[in-house]
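Trainee: Can we go through the charged contacts in this one together?
Mentor: Sure, pull it up.

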Amino acid sequence: MSQPGFLARPDTTSFGPALAQLAPGMARHPAETFEAGVRYLSALGAGMAGAVARATGAPPPAALEPAAKDRRFVDPAWERSPWFFAQRQAYLAWARCMRE
């Protein structure tokens, strides 16, 4: 359950140090950073292809699926609406990239 005013109080004290660690980490692992970026952009492209397929009535390609226990995307609109589908795919691609 979310807390009231959650978005009104972002944790800015943790964001800065985390961001400061990002660039040096990417510089230490340039090949892995490049590969992760390619996988992310590829997933975004596939998500957009799926959104276009949904918008035109064509058979959609395979898509990133949320974890079975992830209840945020249970509403059928996330699958039927091209816009919501694209947003879900972008979120799942970003989350996967950050886990890698």
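What follows is a short back-and-forth on salt bridges and burial.

Mentor: Quick ground rules: this is a predicted model, where local features need pLDDT of at least 70, side-chain atom pairs count only at pLDDT 80 or more, and totals for chains, interfaces and linings use all residues. Residues are numbered from 1 along each chain as its sequence is written, and side-chain values use heavy atoms, with hydrogens and water left out.

Trainee: How many salt bridges does a search of the whole structure find?
Mentor: The term means a side-chain nitrogen of Lys or Arg within 4 Å of a carboxyl oxygen of Asp or Glu. Searching the whole structure on that basis gives 3.

Trainee: Which residue forms a salt bridge with Glu79 at 2.9 Å?
Mentor: Glu79 also has a salt bridge to Arg54, at 2.5 Å from N to O. That pair links distant parts of the chain, 25 residues apart, with Arg54 in helix α2 and Glu79 in helix α3 (helices are DSSP runs of H or I, at least four residues, numbered from the N terminus). Arg54, Glu79 and Arg88 are linked in a network of salt bridges, and the partner at 2.9 Å is Arg88.

Trainee: Is Arg88 buried or exposed?
Mentor: Buried means under 20% relative accessible area, exposed over 50%, and partly exposed in between (1.4 Å probe, protein chains only). Glu79 is partly exposed because its relative accessibility is 33%. Arg88 has 3% relative accessibility, so it counts as buried.

Trainee: Which side chain meets Arg72 in a salt bridge?
Mentor: The partner sits in the loop between α2 (30-56) and α3 (77-80). At 17% relative accessibility, it counts as buried. The N to O distance is 2.7 Å, and the residue is Asp70.

Conventions: Helices (H or I, at least four residues) and strands (E, at least two) are DSSP runs, numbered from the N terminus.
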